[in-house]
Amino acid sequence: MQKRSSVFRNVQGLTLAAMMAAMSVMIGIFCKNFLNFGNGLFRITFENIPIIFSGIVFGPIVGGMVGVGSDLISYLLSNQIYPPNLIVTLGACSIGVVSGLVSRFAVRKRGTLQIVFSAGLAHVIGSMTIKTFGLYQFYGIAVLLRIPLYLAISTLEICILCWLFRRKSIQRMIESR
């Protein structure tokens, strides 16, 4: 009986997960500093792409860890005026966990359907529900205006993820695991 290798026992997998966290941090810092409108209420960002990618490729635990790590590190390196919000960090964690759970247990066949359901549900739960709830204490009812913005962002992220997973280099990397 062959045992599945954990990402923590595989240097290539651990390195790729760290690179996904670093990519999310860099995208997050750029967006928090330059594409931020309404003092943090509205922000055009694609920092969830590496988190969702990690959840789909490595599973829910690594996806959640990439989400938490990238959210906390990007907060520390950005010039945000508000204190760290652990509910928002929980939302980032849930994006990785939900995308990993959906891809592992609900839609197991790799392809566009898996990406759409994994990323879509991750955004609904993480970005549109948990993060919105976490930001409510700072912005009040105006935070509900984020939901249409995240519908557009999640649609773009899903298209980018579908394009990424169709790349032969990404497919080879996934198959080599």
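**Exercise 1. At what angle do α4 and α5 pack, and how many Å apart are their axes?**

Some ground rules before the solution. The model is predicted, so to speak of local features we need pLDDT of at least 70, side-chain atom pairs count only at pLDDT 80 or more, and totals for chains, interfaces and linings use all residues. Residues are numbered from 1 along each chain as its sequence is written, and side-chain values use heavy atoms, leaving out hydrogens and water.

*Step 1.* Get the geometry: α4 packs on α5 at about 160°, and the axes are 8 Å apart. Axes here are lines fitted to C-alpha atoms, for helices over the stretch in contact, with angles from 0 to 180 degrees between N-to-C directions. Helices themselves are DSSP runs (H or I, at least four residues), numbered from the N terminus.

*Step 2.* Classify the angle: α4 is roughly antiparallel to α5 (the label for angles over 145 degrees).

*Step 3.* Add the hand: α4 and α5 make a right-handed crossing (the near helix is turned clockwise from the far one by less than a right angle).

*Step 4.* Sort the contact residues of α4 with α5 by class: 14 nonpolar, 9 polar and 1 charged. For the classes, Ala, Val, Leu, Ile, Met, Phe, Trp, Tyr, Cys and Pro are nonpolar, Asp, Glu, Lys and Arg are charged, and the others, Gly among them, are polar.

**Exercise 2. Describe how α3 packs on α4, then look at Gly-63.**

*Step 1.* Helix α3 spans residues 60–77 and helix α4 residues 86–106; they pack at about 155° with axes 7 Å apart. That makes α3 roughly antiparallel to α4.

*Step 2.* The α3 and α4 crossing is right-handed.

*Step 3.* By class, the contact of α3 with α4 holds 8 nonpolar, 6 polar and 2 charged residues. On the α3 side, the residues include Gly-63, Gly-64 and Gly-67, while α4 brings, among them, Gly-96 and Gly-100 (contact is heavy atoms within 4.5 Å).

*Step 4.* Zoom in on Gly-63, which sits in helix α3. Gly-63 counts as buried because its relative accessibility is 0% (buried is under 20% relative accessible area, with a 1.4 Å probe and protein chains only). Beyond four places in sequence, Gly-63 contacts Ile-51, Ser-54, Gly-55, Gly-96 and Val-97. Pro-50 is 13 residues from Gly-63 in sequence, and their C-alpha atoms are 8.8 Å apart.

**Exercise 3. Which residues have the most contacts inside the largest nonpolar core?**

*Step 1.* Name them: Phe-53, Val-66, Leu-161 and Phe-165, in a core of 27 residues. Such a core is a set of buried Ala, Val, Leu, Ile, Met, Phe, Trp, Tyr and Cys residues joined through side-chain atoms within 4.5 Å.

*Step 2.* Find the suppliers: α1, α2, α3, α4, α5, α6 and α7 each give at least two residues to this core. The largest share, 7 residues, comes from α2.

*Step 3.* Trace one hub: not counting residues up to four places away, Phe-165 touches Phe-53, Ile-56, Val-57, Ile-115, Ile-170, Gln-171 and Ile-174.

**Exercise 4. Is Asn-48 buried or exposed?**

*Step 1.* Locate Asn-48: helix α2.

*Step 2.* Asn-48 is buried, because its relative accessible area is 2%.

*Step 3.* List its contacts beyond four places in sequence: Asn-48 meets Ile-95, His-123, Ser-127, Lys-131 and Glu-157.

How values were computed. Parallel < 35°, antiparallel > 145°, perpendicular 65-115°, else oblique. Buried < 20%, exposed > 50% of the residue type's maximum accessible area, 1.4 Å probe, protein only.
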